[in-house]
Amino acid sequence: MMKTSNFLLIFCYLIMTNPTYALKSINHGALQADIQEFVLTQVKDKLNKQQDISVKVSVRKIDPRLKLKQCDKPLAFELQGQTIKRNNTVKVSCPSDIAPWSIFSMSTITQEMYVVSAATELPRHHIITKEDLMPLKQDIHKLRGGYATKEKLLIGQQLRRPARAGSVIYQNQLQLPKIIKKGDKVTIVTNRGGLSVIHQGIAMGNASKGERIQVKNNRSSRIIQANVISSGRVEVL
């Protein structure tokens, strides 16, 4: 009985002289949930509100051997690095005067949204229609730049190379179709003040809408530079 009493006295003395003995350990699961909520808030604050993005955050399990004392002050959370990436480090600190501590935790972010993909196998030089496309939910961290979220951005464009069914279509796979080809008859429009002078000519090459092309004026036989404004119609620069 005397030994037990002595032990209690020593324990009470340690608590009074060193308050850290009185503090319980933090529940790792609860701390991981707090880190997850912090990262989720950081990501959502930086999202484009016009885009429908589903965000998930997973936090690496804290080493169970790590004993962290309850903090008598609010925990401080700090995202390491200037930008949010797929994998991020979060510094968690207890700014206590009694028992301060800090740890670094790893988190992984998944941001999923619908992007435009090929609904079926599409051959090279195919001009894309609405029926060729379908939405596909993807983690945007795994995509490279140049994907589209709206079908209208791709419709009417031509594939530079084949696209597999279910594959994301990127802008660098596309080009505007050649609406004027070498040898085509073209209408040449020359704007002078408020008047438009029209001649007929022959295309000397292939071109897409908005591109520059050389055309031969049938009347003068001169070769001139013009911009393609529509199929079979060009405007003198």
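**Core, pocket and ring contacts**

Reader: Starting with the largest nonpolar core, which residues touch the most other members?
Author: In this predicted model, the largest nonpolar core has 28 residues, and those that touch the most other members are L31, V39 and V55.

Reader: And which helices or strands each supply at least two residues of this core?
Author: Helix 2, spanning 28-46, does so together with strand 1 (54-59), strand 3 (87-94) and strand 4 (101-118), each of them supplying at least two residues. Helix 2 has the largest share of this core, at six residues.

Reader: OK, switching to pockets: what volume does the largest pocket have?
Author: The volume of the largest pocket comes to about 190 Å³.

Reader: Which residues line it?
Author: The lining of the largest pocket is made up of I188, T190, R192, V197 and H199, along with N217, S220, R222, I224 and V236. Sorted by character, the lining residues comprise four nonpolar, four polar and two charged ones.

Reader: Which strand gives the most to that lining?
Author: That is strand 9, which contributes three residues; strand 9 covers 185-192, and both strand 9 and strand 10 (195-203) supply at least two residues of the lining of the largest pocket.

Reader: Now rings: how many aromatic pairs does a search of the whole structure find?
Author: Searching the whole structure turns up one aromatic pair.

Reader: What about charges over rings, say at Y170: which residue lies over its face?
Author: The residue over the face of Y170 is R144, placed at 3.8 Å from the ring centre.

Key:
Residues are numbered from 1 along each chain as its sequence is written. This is a predicted model: local features need pLDDT of at least 70, side-chain atom pairs count only at pLDDT 80 or more; totals for chains, interfaces and linings use all residues. Side-chain values use heavy atoms; hydrogens and water are left out. On a 1 Å grid over the protein atoms alone, a cavity is a set of points where a 1.4 Å probe fits but cannot get out, and a pocket is an open set with protein on both sides within 12 Å along at least five of seven lines; lining residues have an atom within 4 Å of a point. Grid points are joined across faces, edges and corners, and a volume is the space filled by probe spheres set on the points. Helices (H or I, at least four residues) and strands (E, at least two) are DSSP runs, numbered from the N terminus. Ala, Val, Leu, Ile, Met, Phe, Trp, Tyr, Cys and Pro count as nonpolar, Asp, Glu, Lys and Arg as charged, and the others, Gly among them, as polar. Rings of Phe, Tyr and Trp (its six-membered ring) pair if their centres lie within 6.5 Å; planes under 30 degrees apart count as stacked, over 60 as edge-to-face and the rest as tilted. A charge sits over a ring if NZ of Lys or CZ of Arg is within 6 Å of the ring centre and within 35 degrees of the ring normal. A nonpolar core is a set of buried Ala, Val, Leu, Ile, Met, Phe, Trp, Tyr and Cys residues joined through side-chain atoms within 4.5 Å. Buried means under 20% relative accessible area, exposed over 50%, partly exposed in between (1.4 Å probe, protein chains only).
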